[in-house]
Amino acid sequence: ATHGSMAFVTWHASIKNNSNNSSYVALELSGANTDTANDNRALRHRDSTGSGGEEMMGMSFLYTGLAAGSTTFQLKYRTIGGTATFVYRRLCVVPL
């Protein structure tokens with residue numbers, strides 16, 4: 001996305017795991033601005049029963065102080081254990 005000094009980003013996904021482990025969807029930035037995917041701004045799903053329950057969730061974040069230019073916003077997925085499934089994934093970036 002080509003942007004000025006700010007960008008409003010929202011993302012959501014439906015997450016499930018076949019075990020009693022956490023699964024995450026986080027945002028990574030590259031290009032004019034960089035930011036590694038981290039758990040502080042991540043969707044986190046944990047089914048404590050281990051029954052494979054699925055949950056739809058979303059998050060929004062306003063990035064400020066960006067260097068104007070072109071930045072790639074990409075979702076990153078990981079799980080602590082078990083088999084995670086990520087469906088109905090969406091990412092929306094609004095340059096400001």
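This dialogue walks through confidence, aromatic pairs, charges over rings and surface features in a predicted model.

Colleague: Before we look at side chains, what does the confidence look like along the protein chain, and where is it lowest and highest?

Modeller: The model is predicted, and the protein chain averages a pLDDT of 94, with 99% of the residues scoring at least 70. Among the elements, confidence is lowest in strand β4, residues 42-46, at a mean of 93, and highest in β6, at 97.

Colleague: How should I read a pair of aromatic rings, and how many aromatic pairs are there?

Modeller: In general, a pair of aromatic rings is described by the distance of the centres and the angle of the planes. Here the count comes to three aromatic pairs. In one of them, the rings of Phe61 and Tyr63 have centres 4.7 Å apart and planes at 70°, and because planes over 60 degrees apart count as edge-to-face, this pair is classed as edge-to-face.

Colleague: Which ring does Tyr63 pair with in strand β6?

Modeller: The partner is Phe73, with the ring centres 6.2 Å apart and the planes at 65°, so this pair too is edge-to-face. Since Tyr63 lies in strand β5 and Phe73 in strand β6, the pair ties together parts that are 10 residues apart in sequence. Ring pairs thus link Phe61, Tyr63 and Phe73 into a cluster.

Colleague: Is Tyr63 in that cluster buried or exposed, and what about Phe73 and Phe61?

Modeller: The cut-off to keep in mind is that buried means under 20% relative accessible area. Tyr63, with a relative accessible area of 6%, is therefore buried, and Phe73, at 9%, is buried as well, whereas Phe61, at 29%, is partly exposed.

Colleague: Which rings have a charged side chain over them?

Modeller: Phe61, already met in the cluster, has the charged end of Arg41 over its ring, 4.5 Å from the ring centre. Elsewhere, Arg78 lies over the face of Tyr24, at 4.3 Å from the ring centre.

Colleague: Turning to the surface, which residues make the nonpolar patch?

Modeller: Met6, Phe8, Leu62, Val94 and Leu96 make a nonpolar surface patch of about 390 Å². Of these, Met6 is found in the loop between β1 (2-3) and β2 (7-17), and at 32% relative accessibility Met6 counts as partly exposed.

Colleague: Where does Gly65 lie, and what is the separation of its C-alpha atom from that of Ser5?

Modeller: Gly65 lies in the loop between β5 (54-63) and β6 (69-79), and with a relative accessible area of 71% Gly65 is exposed. Although Gly65 and Ser5 are 60 residues apart along the chain, their C-alpha atoms are separated by 5.3 Å.

How values were computed. Residues numbered from 1 in each chain as written. Predicted model: local features only at pLDDT ≥ 70, side-chain atom pairs only at ≥ 80, totals over all residues. Heavy atoms only, no water. Patch = residues over 30% accessible without salt bridge, like charges linked within 9 Å, V, L, I, M, F, W, Y side chains within 5 Å. Areas by Shrake-Rupley, 256 points an atom, 1.4 Å probe, with all protein chains shown as cover. Salt bridge = Lys/Arg side-chain N within 4 Å of Asp/Glu carboxyl O. Helix = DSSP H or I, 4+ residues; strand = E, 2+ residues; numbered from the N terminus. Buried < 20%, exposed > 50% of the residue type's maximum accessible area, 1.4 Å probe, protein only. pLDDT = per-residue confidence, 0-100. Phe/Tyr/Trp six-rings, centres within 6.5 Å; stacked < 30°, edge-to-face > 60°. Lys NZ or Arg CZ within 6 Å of the ring centre and 35° of its normal.
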